[in-house]
Amino acid sequence: MPFPANTPTVDDLPSLGLQDIAQLPVELLAILQREVDERLKRDKAAKARLDGALTVRYATRAAEERQAAGKDTGTIRFDDGDFSVVADLPKRVDWDQDRLAAMVERIRAAGDDPAQYVDIAFKVPERKYAAWPDAIRAGFEPARTVRPGTLKIEIVPQGGDQ
């Protein structure tokens, strides 16, 4: 179904009110949704390519500058012509959970409070929770809060997932 020339486009969406967009014909909403998704996909691919090119261009220099500064990770700055390049290599730390649990037990056995040294968190994967017998589940129920996630709506033509 063709739409009039004054039909809103994806570029118009940021300046339109939510109620105005919500009142558009469903066919137009489906077209806009598809166009936004395609744009996002294209823009993500473009960003990945650009980020890759920046890595090719600056990774070696950034590593040299970081080494000269005596840093393994973190942010360093250097110049390229009239521009400053800011290269951040974040620190990612992983802890062996079994060894941490053993350390917590040693601290507790020594009479200290492990919470002074480590953050302790318990998690129950929903898949495991659902598989528990009712009696066990009932004991954990008071500690469980269920919050809804973000609503996702997709408009698809009837009779298919196009």
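Student: Before we start, what does "partly exposed" mean, and where does Asp43 fall?
Tutor: Buried means under 20% relative accessible area and exposed means over 50%, with partly exposed in between. This is a predicted model, and in it Asp43 has a relative accessible area of 42%. That value lies between the two cut-offs, so Asp43 counts as partly exposed.

Student: Okay, which residue does Asp43 meet in a salt bridge?
Tutor: Look at the side chains here: the N to O distance is 3.9 Å. A salt bridge needs a side-chain nitrogen of Lys or Arg within 4 Å of a carboxyl oxygen of Asp or Glu, so this pair makes the cut. The partner of Asp43 is Arg42.

Student: What about Glu38 and Arg34, how many residues apart are they in helix 2?
Tutor: These two form a salt bridge, with their closest N and O atoms 3.8 Å apart. Glu38 is partly exposed at 46% relative accessibility, and Arg34 is partly exposed at 46% too. Both sit in helix 2 (residues 26-68), and about one helical turn separates them because they are apart by 4 residues.

Student: Where does Arg144 sit, given that it pairs with Glu126?
Tutor: In this salt bridge the closest N and O atoms are 2.3 Å apart. The pair links distant parts of the chain, 18 residues apart: Glu126 is in helix 4 (residues 126-131), while Arg144 is in the segment after helix 5 (134-140).

Student: Which residue joins Glu126 and Arg144 in a network of salt bridges?
Tutor: Glu126 is partly exposed at 45%, and Arg144 is partly exposed at 27%. Linked with them in the network is Glu141.

Key
Residues numbered from 1 in each chain as written. Predicted model: local features only at pLDDT ≥ 70, side-chain atom pairs only at ≥ 80, totals over all residues. Heavy atoms only, no water. Helix = DSSP H or I, 4+ residues; strand = E, 2+ residues; numbered from the N terminus. Buried < 20%, exposed > 50% of the residue type's maximum accessible area, 1.4 Å probe, protein only.
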